[in-house]
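Please look through the sequence and the model shown here before reading on. The report that follows takes up the backbone, the sheets, the cores and the aromatic rings in turn.

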Amino acid sequence: MTSWIRGIFLAIFMCAGGPTGAVATDGTVAEEIPTITGLRYGTYEDRVRITFDVTPTPAFTVFTLNDPDRLVIDFPAMDWLVDESETKDIPFVSALRHGLFHRERARVVAMLTAPVRVDRIFTKQPSGAEPGRLVLDLAPVSREAFDRTAGWPELARWKNREVAAPDFAATGDLIIALDPGHGGIDPGASVGGVTEKEVVLDFAKRLAMVVNEMPGYAAVLTREDDVFIPLAERVAIAHQVRANLFISIHADSLLSGVARGVSIYTLSERGSDDAAEALALRENRADVLAGADLGGDSDDITRLLIELAQRGTSVESVKLAQAMIGALRDRVELLRTNPHRQANFRVLKAPDIPSILMEIGFLNSKTDRDRMTDPRWQNKAAVAVFEGIKEWTAIASPGFLGPR
């Protein structure tokens, strides 16, 4: 099987009784934005039938990925109006993610509990009050058969986008890349109706407004809406805009225990503690769980050069973290134990840009949730972050302050 069709189910739209393989449609784009209004499932023999109510019936692509096992469905950009309770307890599926993968493409990712194949797939056009439907029949398959067909179709691979670099160099502005974590198909943590991807975007926008009001400073957001961006591209955007600093913004959620307050992370091969290592592991898997094909790691020589460059940058990152902690301490509540922490976050690995990751609170703390969603707290914290940036400029090595 040639590589460009590896993992794709070839789409043959036929009547419900006709044989089908799976899936890629002819690529036409629906005139209307498709809306998925319902999802349900049923079982028969050893199979599961998953039905999406979607109008109009859009072009789509279905494929499977392994390590971990996933079933992926790509649509044009769509509205998702499914009650989240309908996505629970689906056989073969442990969790379902959905959201924008590109601005013009939406993606649904079903995390699988066992290898499956799409035994049959068909669509039904809307009729009267009845919505259109996309129907997939899943059947168990051997591990060998699943791995043999799993892989990215070429058209489903992530395509990096170019970001026009603002002409800040002429004014001498210090450029801060603000990176709201998660987005689109990657929601991050979610507790009490508050989603990480939404609350960190709100805070990043407020912080950008504070920064941009200050003479000599300019902020650029890696994302300005609810869209997925891979970790490596977030760093690439910072390079494209010639950023002097990179601040990634998140909102943690503990798997066990209770904590609250703001914390700042800098890069380290080993985490400050087990909780820091677990957090970095979860964040670093965001691309994988969203179904992003990002290619392999750098070769050994490139990796060595990056590590050498990072040694100088890491000193500046620690200076920035310490200045940030000092500025935040009297303005917001910090994590009580060791608010400056370390972990091996991929998004902090820019070799030439001082980088920190800011956790603005814990979503499983009601106190922090209330703070993070309060515009007054957001503004107070944003002003404190800017003060931390300004304090860093007073102690930074001059080479990190000029135009990049």
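## Unusual places in the backbone

Glutamate 45 counts as exposed, because its relative accessibility is 75% and the cut-off for exposed residues is over 50%. The model is a predicted one, and in it glutamate 45 sits in the loop between β1 (35–44) and β2, with a positive phi near 50° although the residue is not a glycine. Most residues other than glycine have a negative phi, and most peptide bonds are trans.

Is histidine 182 buried or exposed? Histidine 182 is buried, since its relative accessible area is 7% and buried means under 20%. This histidine 182 belongs to the loop between β10 and β11 (190–191), and its phi, near 65°, is positive in a residue other than glycine. Arginine 242, just after α3, also takes a positive phi, of about 60°. In helix α3 itself, which covers residues 231–240, the buried residues are Leu231, Glu233, Arg234, Val235, Ile237 and Ala238.

Two cis peptide bonds can be described beside these residues. One joins threonine 55 and proline 56, with omega at about -10°, and proline 56 lies in the loop between β2 (47–55) and β3. The other runs from aspartate 67 to proline 68, with omega near 0°, and proline 68 lies in the loop between β3 and β4.

## The overall picture

The protein has 404 residues, of which 51% count as buried, and its secondary structure comes to eight helices and 17 strands. Among contacts with a separation of 6 or more, 77% are between residues 24 or more positions apart. The accessible surface comes to about 18400 Å², and carbon and sulfur atoms hold 53% of that surface.

## A sheet of four strands

Strands of a sheet pair through backbone hydrogen bonds, either parallel or antiparallel. An open sheet of four strands follows the order β3-β4-β7-β6, and its pairing is antiparallel. At the edges are β3 (61–65) and β6 (93–102), each of which pairs on one side only, while neighbouring strands are turned by 20° against each other on average, direction ignored.

Between β3 and strand β4 (residues 70–76) there are five bridges, and threonine 64 stands opposite leucine 71 in β4. Between β6 and strand β7 (residues 105–112) there are eight bridges, again with the two strands running antiparallel, and here valine 93 stands opposite leucine 112 in β7. The strands β6 and β7 form a hairpin, with two residues between them.

## A sheet of six strands

Another open sheet has six strands in the order β13-β10-β14-β17-β15-β16, and its pairing is mixed. Each of the edge strands, β13 and β16 (340–343), has a single partner strand, so one side of each is left without a neighbour in the sheet. From one strand to the next, the twist averages 30°.

Within this sheet, strand β15 (residues 263–267) pairs with β17 in the antiparallel sense over three bridges, and isoleucine 264 has methionine 358 in β17 as its bridge partner. Helix α2 lies across β10, β13, β14 and β17, and runs at about 160° to β13.

## The nonpolar cores

In soluble globular proteins, nonpolar side chains tend to be buried together. Here the largest nonpolar core has 45 residues, and those with the most contacts inside it are Phe203, Ile247 and Leu328. At least two residues of this core come from each of β10 (174–180), α2, β13, β14 (245–252), α6 (300–329), β17 (355–362) and α8. Apart from this core lies another one, of 30 residues, including Leu39, Val48, Val82 and Ile121.

Which residues does isoleucine 247 touch, not counting residues up to four places away in sequence? Isoleucine 247 touches Ile176, Ala177, Leu178, Asp179, Met324, Ile356, Met358, Val385 and Ile389.

## Two pairs of aromatic rings

The structure holds two aromatic pairs. In one of them, phenylalanine 203 and tryptophan 377 are tilted, at 6.2 Å centre to centre and with 40° between the planes. This pair links distant parts of the chain, for phenylalanine 203 is in helix α2 (residues 196–212) and tryptophan 377 is in helix α8 (residues 375–395), 174 residues apart. Phenylalanine 203 and tryptophan 377 are both buried.

The rings of tyrosine 217 and phenylalanine 386 have centres 4.9 Å apart and planes at 80°, so this pair is edge-to-face. Tyrosine 217 in strand β13 (residues 217–221) and phenylalanine 386 in helix α8 are 169 residues apart, and this pair too links distant parts of the chain. Both tyrosine 217 and phenylalanine 386 are buried.

Conventions:
Residues numbered from 1 in each chain as written. Predicted model: local features only at pLDDT ≥ 70, side-chain atom pairs only at ≥ 80, totals over all residues. Heavy atoms only, no water. Buried < 20%, exposed > 50% of the residue type's maximum accessible area, 1.4 Å probe, protein only. Contact = heavy atoms within 4.5 Å. Areas by Shrake-Rupley, 256 points an atom, 1.4 Å probe, with all protein chains shown as cover. Phe/Tyr/Trp six-rings, centres within 6.5 Å; stacked < 30°, edge-to-face > 60°. Core = buried A, V, L, I, M, F, W, Y, C linked by side-chain atoms within 4.5 Å. Pairing = 2+ DSSP bridges. Axes fitted to C-alpha atoms, helices over the stretch in contact; angles between N-to-C directions.
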